[in-house]
Amino acid sequence: MEQWYLSHYYVKAQKELGAAKISAYYAIAPFVGAFISVIVFRGEFTMNFFVGLIIMIIGTYLAA
């Protein structure tokens, strides 16, 4: 099954939003996913969560 339409929408978004905004969305996506998963799966904010969060923040900062 071809999924050409997905790349079409990505290219369209890239043209309209610009590279900087697209990369910003990609940078915050893991954080949004982590918080949504805690809400959906009724998880707890444990020490492991915060250690992982700090590592993700450092990685995002270094990649930017």
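**Two packed helices and the loop between them**

Good morning. Helix H2, residues 19-40, packs against helix H3, residues 47-63, at an angle of about 165°, and their axes are 9 Å apart. With that angle, H2 is roughly antiparallel to H3, because any angle over 145 degrees counts as roughly antiparallel. I should say at once that this is a predicted model.

Two packed helices are described by the angle between their axes and the distance between the axes. For this pair we can add the handedness: the crossing of H2 and H3 is left-handed.

Which residues make the contact? From H2 come Ala 27, Pro 30, Phe 31, Ala 34, Phe 35 and Val 38. From H3 come Phe 49, Leu 53, Met 56, Ile 57 and Thr 60. As for their chemical character, 10 of the contact residues are nonpolar, 1 is polar and none is charged.

Let us now turn to the core. In soluble globular proteins, nonpolar side chains tend to be buried together. In this model, the largest nonpolar core consists of 5 residues, namely Phe 31, Ala 34, Val 38, Phe 49 and Leu 53. Which elements give two or more residues to this core? They are H2 and H3. H2 gives the most, with 3 residues.

I would next like to consider three individual residues, beginning with the loop. Arg 42 lies in the loop between H2 and H3. Is Arg 42 buried or exposed? Its relative accessible area is 75%, and Arg 42 is therefore exposed, since exposed means over 50%. The backbone of Arg 42 also deserves attention: its phi is near 55°, a positive value in a residue other than glycine.

The second residue is Ala 20, which is placed in helix H2. Ala 20 has a relative accessible area of 61%, so this residue is exposed as well. Along the chain, Ala 20 and Val 51 are 31 residues apart, and their C-alpha atoms are separated by 28 Å.

The third residue is Gly 59, found in helix H3. Here the relative accessible area is 36%, which means that Gly 59 is partly exposed. How far apart are the C-alpha atoms of Gly 59 and Phe 41? The separation is 25 Å, for two residues that stand 18 residues apart along the chain.

To conclude, H2 and H3 pack with their axes 9 Å apart, and both helices give two or more residues to the largest nonpolar core. Arg 42, in the loop between them, is exposed. Thank you for your attention.

Terms used: Residues are numbered from 1 along each chain as its sequence is written. This is a predicted model: local features need pLDDT of at least 70, side-chain atom pairs count only at pLDDT 80 or more; totals for chains, interfaces and linings use all residues. Side-chain values use heavy atoms; hydrogens and water are left out. Axes are lines fitted to C-alpha atoms, for helices over the stretch in contact, and angles run from 0 to 180 degrees between N-to-C directions. Helices (H or I, at least four residues) and strands (E, at least two) are DSSP runs, numbered from the N terminus. Angles under 35 degrees count as roughly parallel, over 145 as roughly antiparallel, 65 to 115 as roughly perpendicular and the rest as oblique. A crossing is left-handed if the near helix is turned anticlockwise from the far one by less than a right angle, and right-handed if clockwise. Contact means heavy atoms within 4.5 Å. Ala, Val, Leu, Ile, Met, Phe, Trp, Tyr, Cys and Pro count as nonpolar, Asp, Glu, Lys and Arg as charged, and the others, Gly among them, as polar. A nonpolar core is a set of buried Ala, Val, Leu, Ile, Met, Phe, Trp, Tyr and Cys residues joined through side-chain atoms within 4.5 Å. Buried means under 20% relative accessible area, exposed over 50%, partly exposed in between (1.4 Å probe, protein chains only).
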